[in-house]
Amino acid sequence: QVQVVESGGGLVQAGGSLRLSCAASGSITSINTMGWYRQAPGKQRELVARITSGGSTNYADSVKGRFTISRDNAKNTLYLQMNSLKPEDTAVYYCNVDIRVRGRLESFIYWGQGTQVTVSS
């Protein structure tokens, strides 16, 4: 079994910062791409940022220069440092992890439960 758990959301004023974490645990052989998505009320879920196992990153245009994605492979943990937050960043943030499970050749996508980020103006 594999678990993916996010933490670090909360309420912050515009211009502030938050750091999200996502920890994967369980029967894990390896982790491929890890990413953060978000979903605001009434909107579709969208990609915020993702990072490959080799460290290559890509970001949504709306967060470039403000958010930084990183990972600690030894801890199977993903991070999202969010600076200069804006009210339009308010959403539920989800961790998305591509995991090769022990004893299986293929990998599977796992989603975290989501963490709420609210930015007040």
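# Strand pairing, core and salt bridges

Strand 3 and strand 8 run antiparallel and are joined by six bridges. The model is predicted. The points below cover its strand pairing, its nonpolar core and its salt bridges.

**The four-strand sheet**

- Strand 3 and strand 8 belong to an open sheet of four strands, ordered 1-3-8-7 and paired in the antiparallel sense.
- Strand 1 and strand 7 are the edge strands of this sheet, each pairing on one side only.
- On average, and with direction ignored, neighbouring strands of the sheet are turned by 15 degrees against each other.
- Between strand 3 and strand 8, one of the bridges sets L18 against M82, the latter in strand 8.

**Pairings of strand 4**

- Strand 4 is joined to strand 9 by nine bridges, and the two run antiparallel.
- S30 has R100 in strand 9 as its bridge partner.
- Strand 4 also pairs with strand 5, again in the antiparallel sense, over five bridges.
- In that pairing W36 stands opposite A49 of strand 5.
- Strand 4 and strand 5 make a hairpin with six residues between them.
- G42, in the turn of this hairpin, has a positive phi of about 75 degrees.

**Nonpolar core**

- The largest nonpolar core has 30 residues.
- W36, L80, M82, Y93 and I99 are the residues with the most contacts inside this core.
- At least two core residues come from each of strand 1 (2-7), strand 3 (18-26), strand 4 (28-39), strand 5 (46-51), strand 7 (67-72), strand 8 (77-82), strand 9 (91-101) and strand 11 (115-120).
- Strand 9 gives the most, with six residues.
- Leaving out residues up to four places away in sequence, M82 touches G16, S17, L18, L20, R66, F67, Y93 and V117.
- The contacts of M82 thus include its bridge partner L18, the core residue Y93 and R66, an arginine that returns in the salt bridges below.

**Salt bridges**

- Side chains of opposite charge can pair when their charged atoms come close.
- A search of the whole structure finds five salt bridges.
- R38, E46, R66 and D89 are linked in a network of such bridges.
- R38 meets E46 through their side chains, at 2.7 Å from N to O.
- R38 counts as buried because its relative accessibility is 6%, which is under the 20% cut-off.
- E46 counts as partly exposed because its relative accessibility is 36%, which falls between the cut-offs of 20% and 50%.
- R38 also forms a salt bridge with D89, at 3.0 Å from N to O.
- This second pair links distant parts of the chain, with R38 in strand 4 and D89 in the loop between strand 8 and strand 9, 51 residues apart.
- Both R38 and D89 are buried.
- D89 has a further salt bridge with R66, whose closest N and O atoms are 2.8 Å apart.
- R66 lies in the loop between strand 6 (57-59) and strand 7, and D89 in the loop between strand 8 and strand 9, so the pair ties together parts that are 23 residues apart in sequence.
- R66 is buried, as is D89.

Notes: Residues are numbered from 1 along each chain as its sequence is written. This is a predicted model: local features need pLDDT of at least 70, side-chain atom pairs count only at pLDDT 80 or more; totals for chains, interfaces and linings use all residues. Side-chain values use heavy atoms; hydrogens and water are left out. A nonpolar core is a set of buried Ala, Val, Leu, Ile, Met, Phe, Trp, Tyr and Cys residues joined through side-chain atoms within 4.5 Å. Buried means under 20% relative accessible area, exposed over 50%, partly exposed in between (1.4 Å probe, protein chains only). Contact means heavy atoms within 4.5 Å. A salt bridge is a side-chain nitrogen of Lys or Arg within 4 Å of a carboxyl oxygen of Asp or Glu. Two strands pair if DSSP finds at least two bridges between them. Axes are lines fitted to C-alpha atoms, for helices over the stretch in contact, and angles run from 0 to 180 degrees between N-to-C directions.
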